[in-house]
Amino acid sequence: MKRWVIRYVVLGLILCCTGTTTARDYFPFVYIDPGHGGPNADMTHNGDSAGGCEGPGGTAEQWINLKVALVLRDTLIARGWPEGSWWLMSRQTDTTSKTLRDRVAEANEFEVLQYISIHHNGFGAGSVQATEALWCDTGWTTDSVSRPPEARLDTLARKIKDMIRLEFNKLYPPSEVAYGDRCPSMENPNCLNCNKWITKNAMMANTISEASDISGHADEEALFVDSTSGHREDEAYAILQGWLSYCSGQGFGRLEYRYMNEDPDDSLQVWVDGRAYDLPYERTWPIPFGEACAPHCHRSD
Ligand SMILES: [Zn+2]
């Protein structure tokens, strides 16, 4: 409960100067959850009974998830956003032992405003690289507790997915195929997924990001393992930007094509950053870090 104290001291100082709104309106307070980990987890082990996939070189998903999350954590700290008042993490080491239920219960107990669970898929060699971000629209938790509207929306998931795709496409020359989208429609079963404990039981805006397929491409695994590649930083930056865009209340940009008598089989595309994307095309714009933490930041979506 010590964290509560820290948080409300900070909020109290701000509120004395504004005086017109509640504490919860102004501050992002995010739960960062690197998936998996636990006893005996390390770079090449996902931990005892904790699940997770692995790269072609044996790199454990839990280790990659944690590395990305730690970059995100360090970015927040560097900006003066401290633990306890702006963010919490489910784990900051390989071997922290917390079940999915433990994590969601912790986020619910501390009443964080957003829950971001960081994962990576593992479909096997030859699969196409693609990003997905899961969410669930159910109005009731497993224990039949009513969930608030923000917990049931796809907004946070879409924003983080958009930003990951934009960042990861920078890895590939424009002449190559665009980094894939496993959720071209967020109603796709890949993304509207109520079989996950987190997406069904978190009581705040939430998503499970599956940024890429670490088993599909040997070079992907190498990019994550090579600390100089910048790939961890790219993913952490994308998650940060998606989250900040959500907090700022910024909308989406969307391009569609509508014309009377159009042929539904036409494959229409738009060029963005020298690369072709199918229509309809939706994106989220990066926003300056400082702007999002100004008093414009509120919990609406
Ligand atoms: Zn996972």
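Helices (H or I, at least four residues) and strands (E, at least two) are DSSP runs, numbered from the N terminus. Those labels are our signposts for the whole tour. What you have open is a predicted model, where local features need pLDDT of at least 70, side-chain atom pairs count only at pLDDT 80 or more, and totals for chains, interfaces and linings use all residues. Residue numbers start from 1 along each chain, following the sequence as written.

**The whole chain**

Start with everything shown as cartoon. The protein chain has nine helices and ten strands. Now colour by burial: a residue is buried if 20 or more other C-beta atoms lie within 10 Å of its own, exposed if 12 or fewer, and partly exposed in between, with C-beta atoms placed from the backbone. Of the 301 residues in the protein chain, 40% are buried. For contacts, the rule is C-beta atoms, placed from the backbone, within 7 Å. Among contacts in the protein chain between residues at least 6 apart in sequence, 76% join residues at least 24 apart.

**The sheet**

Next, select E1 to E6. These six strands make an open sheet with mixed pairing, in the order E2-E1-E3-E6-E4-E5. Its edge strands are E2 (87–89) and E5 (180–181), each pairing on one side only. Pairing here needs at least two DSSP bridges between two strands.

Zoom in on E1 (residues 30–34). E1 and E2 pair in the parallel sense over three bridges, and the partner of Ile32 in E2 is Met89. Bring in H8 (residues 231–248) as well: this helix packs on the sheet and touches E1, E3 and E6 (205–213), with its direction at about 150° to that of E3. Such angles run from 0 to 180 degrees between N-to-C directions, and the axes are lines fitted to C-alpha atoms, for helices over the stretch in contact.

**A turn at His36**

Move along to His36, in the loop between E1 and H3. Its phi is positive, about 70°, although His36 is not a glycine. Is His36 buried or exposed? It is buried, with 25 other C-beta atoms within 10 Å.

**Helix H3**

Select 61–78 for H3, which lies across E1, E2 and E3 (114–121) and runs at about 140° to E3. The 18 residues of H3 should span 26 Å at 1.5 Å a residue, and its end C-alpha atoms are indeed 26 Å apart; the expected span is 1.5 Å times one less than the number of residues. Show side chains for the buried residues of H3, among them Trp63, Ile64, Leu66, Leu72 and Leu76. Just after H3, stop at Gly80, which has a positive phi of about 85°.

**Glu111**

Jump to Glu111, in the loop between H4 (100–110) and E3. Here is another residue that is not a glycine but has a positive phi, about 55°. Glu111 is partly exposed, with 13 other C-beta atoms within 10 Å.

**Strand E4 and its partners**

Now pick E4 (residues 130–134), where five of five residues are buried. Which residues of E4 point which way? Ala130, Glu132 and Leu134 go one way, and Thr131 and Ala133 the other. On to the partners: E4 joins E6 through three bridges, running antiparallel, with Leu134 opposite Ile208 in E6. E4 also pairs with E5 in the parallel sense over two bridges, and Ala130 has Gly180 of E5 as its bridge partner. Follow the backbone from E4 through H5 to E5, and you trace a right-handed β-α-β crossover; right-handed means that, with the strands pointing away from the viewer, the path from the first strand over the helix to the second runs clockwise.

**Helices H5 and H8**

Stay with H5 (residues 155–169): its 15 residues reach 21 Å from first C-alpha to last, close to the 21 Å expected. All of them, 15 of the 15, are buried, so H5 is largely enclosed by the rest of the structure. Add H8 again and look down the pair: H5 and H8 pack at an angle of about 145°, with their axes 8 Å apart. Residues making the contact include Leu156, Ile160, Met163 and Phe168 of H5, and Tyr237, Ile239, Trp243 and Tyr246 of H8.

**Last stop: Pro280**

Finish at Pro280, in the loop between E9 (275–278) and E10 (281–283). Put sticks on the backbone there: the peptide bond from Leu279 to Pro280 is cis, with omega near -5°.

Methods:
Two residues are in contact if their C-beta atoms, placed from the backbone, lie within 7 Å.
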